[in-house]
Amino acid sequence: MSSFAPVERHLWRLAVLATALASLLPTTAFAHASDRGHVLLLPTGYYIAGGALAVAVSFLVLALLPPAALDRFWRRRLPMLTFGDAPRTLFSLISFAGFILLVAPGFLGSRDPLSNPLPLVIWTLLWAGFTLLQGLLGDLWAWLNPWYGPWRVASGVFGLPADDEKRSRLPNWLGYWPAFVLFLAFAWFELIDPAPDDPARLAFAAGLYWLASFIAMLIFGYGSWSKRGEFLSVFFSMVARFAPVERHDSRLSLCWPGAKLLAAEPLPLSGTAFLLLALSSVSFDGLSKTFFWLGLFGVNPLEYPGRTALIGIGSFGVVLTFALLAAVFALAVFLGQRLAGDKHSFGEAAGLLVWSIVPIALAYHIAHYLAVLLVDGQYALVALSDPFALGWNLFGTADRMVEAGVVAGAESAWWLWNLQAGVIIGGHVLAVLVAHGLAWRLHKQPSRAALSQLPLTLLMIAYTIFGLWLLATPTAG
C-alpha cells in the first residue's frame with residue numbers, strides 16, 4: 001500500500017499542474033461562470049459499484065414489501081400553518097422591481113461576469129440555487145416570479161377578466177411544446193452560446209424573454225401560459241412536486257419527499273419530453289467538458305479552443321443527449337409494459353412513470369451546480385452590494401473576500417465529492433421508490449408492478465453509474 005504513495009503524490013501534482021495550465025489558456029469569448037476544470041483522484045470504482053448496488057437493493061426491497069404498507073407511508077402528513085394568497089401580488093411586484101434593478105446593471109455596470117450581479121443572480125442564485133429551494137420548500141416561484149403581479153395590475157388597468165377561463169387559452173394540442181421549445185433555447189444559450197455571461201447580452205435576452213412572456217400571458221391568460229408555455233414556471237412547478245412541503249386549501253403540511261409525485265396526473269408526450277430535456281441538458285453540461293467528449297471530436301482538452309469553436313459540436317450534443325435519453329426511457333417503459341402484460345397504452349404509462357425522473361433530475365442538478373453555488377454565490381453577494389461598480393457597499397458585503405478554498409484542495413474535494421455522490425445515489429433510490437408507487441397505479445397486482453419496473457430500474461442504475469462517472473472524470477474548459 002505504501003509503495004503507491006509516491007505515485008499518487010506525483011499524479012496529484014501533475015493534475016494540479018494541468019489544471020493550472022488549462023486555466024491560463026486564452027478563450028475566444030466569455031466563459032460561463034460555472035466552468036471549472038479539475039481532476040478528482042478518488043476511488044470512484046467503489047462509489048460507482050456502491051451506488052449501483054444501493055439502487056438495485058432498493059428495487060429488491062420494494063418488490064417484496066406489501067403495497068398497503070408503502071401506501072400508508074406515502075399518505076402521512078404533518079399539518080402546519082394556514083395562510084391565504086393575498087400577499088402573492090405584492091411579492092411578485094417586488095420580484096419584478098428586483099428584476100428591473102438587475103437588468104439595469106447588465107447594461108450599465110461592469111462587463112466582468114464575476115463583478116456584475118445579473119449573470120451571478122441568474123445563473124447561480126436562480127438557476128443553481130433557487131431550484132434547490134423549490135425541491136426543499138415547494139413552489140415558491142408561484143409567489144416570486146416577476147410576471148404574476150404585473151399581470152394582475154395590467155388586468156385591472158385594461159379591464160381584462162382576471163379569470164383565465166374567460167379569455168382565450170392555448171390550444172390543447174400544443175400541450176407543453178411551447179415550454180419545451182423555450183427550454184431548449186434556454187439550454188442552448190446557457191451551454192452553447194459563446195457569451196451567456198456577458199452582462200449586456202444576458203440583460204437583453206432576459207428583458208426580451210420577460211416582455212414576450214408577459215404579452216403571451218395577456219393573450220392566453222396567466223394560468224394557461226405559466227402552466228404550459230413559460231418554461232421556468234413549468235420546470236419549477238415540476239421540481240416543487242418533490243418537496244416535502246405541501247399546500248392544500250391554504251394549509252401547509254409536511255409530507256415525505258416525492259409523495260406529491262404519486263398523485264400527479266400522467267403527462268402528455270410534450271410534458272414527458274420536457275422533463276427528459278430538463279435531465280438531459282444538465283447531464284450534457286457535465287459531459288461536454290469531459291476529456292472523453294472532447295476526444296471524440298479530436299479536441300485536445302489541455303488546449304481548449306473556447307466555446308465559439310465548439311458551437312456545432314455542442315448543438316449536436318444537446319440534441320443527441322436528449323434523443324438518447326428519450327429513446328432509452330421509451331424502451332424501458334415499453335419493455336416494462338410487455339413484461340407486465342398490461343393493457344395500458346404506452347403514452348399513459350410513459351406519462352405517469354416519467355414523474356419518477358424528477359428526483360434524479362433534481363439530484364443531478366444539485367450535485368452538478370453545488371461547487372458553482374458555493375463559490376459564485378459569494379461573488380454574487382459582493383456584486384449585489386456594488387451593482388454598478390461605483391464603489392457602493394449597499395449590503396456591507398462589497399469588501400467580502402471570496403473563499404474559493406471551499407471547493408479546492410484534497411480535503412475539500414473529498415467532502416464535496418462525497419456529498420455530490422450521496423445526493424446522486426439518494427436521488428436514484430428515491431426515484432425507484434416513486435416509480436414503484438406509480439407502477440401500482442398502473443398494475444394492481446404487486447408482481448406485475450415489480451416486473452414492469454425492472455427495465456426502468458436498470459436504466460436508473462445505468463444513470464447512477466453515468467452521473468458518478470461525470471463527477472469523477474477529468475474535465476476541461
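**A three-stranded sheet and a loop residue**

In this predicted model, strands S1 and S3 pair in the antiparallel sense, and 3 bridges join them. One of the residue pairs that links these two strands is formed by Thr82, whose bridge partner in S3 is Arg251.

Strand S3, which covers residues 251-254, is also joined to S2, and here 4 bridges connect two strands that again run antiparallel. Within this second pairing, Arg247 has Leu252 of S3 as its bridge partner. S2 and S3 together form a hairpin with 2 residues between them, and in the turn Asp249 has a positive phi of about 55°.

Taken together, the 3 strands form an open sheet in the order S1-S3-S2, with antiparallel pairing. Strand S1 (78-82) and strand S2 (245-248) stand at the edges, and because each has a single partner strand, one side of each is left without a neighbour in the sheet. Neighbouring strands of this sheet are turned against each other by 30° on average, if direction is ignored. In general, the strands of a sheet pair through backbone hydrogen bonds, and the pairing can be either parallel or antiparallel.

Another place to look at is a loop between two helices. Ala389 lies in the loop that runs between helix H16 (357-385) and helix H17 (410-442). Most residues other than glycine have a negative phi. Ala389, however, has a positive phi of about 55° although it is not a glycine. Is Ala389 buried or exposed? With a relative accessible area of 45%, Ala389 counts as partly exposed, because this term covers values between 20% and 50%.

Definitions and conventions
Residues are numbered from 1 along each chain as its sequence is written. This is a predicted model: local features need pLDDT of at least 70, side-chain atom pairs count only at pLDDT 80 or more; totals for chains, interfaces and linings use all residues. Side-chain values use heavy atoms; hydrogens and water are left out. Two strands pair if DSSP finds at least two bridges between them. Axes are lines fitted to C-alpha atoms, for helices over the stretch in contact, and angles run from 0 to 180 degrees between N-to-C directions. Buried means under 20% relative accessible area, exposed over 50%, partly exposed in between (1.4 Å probe, protein chains only).
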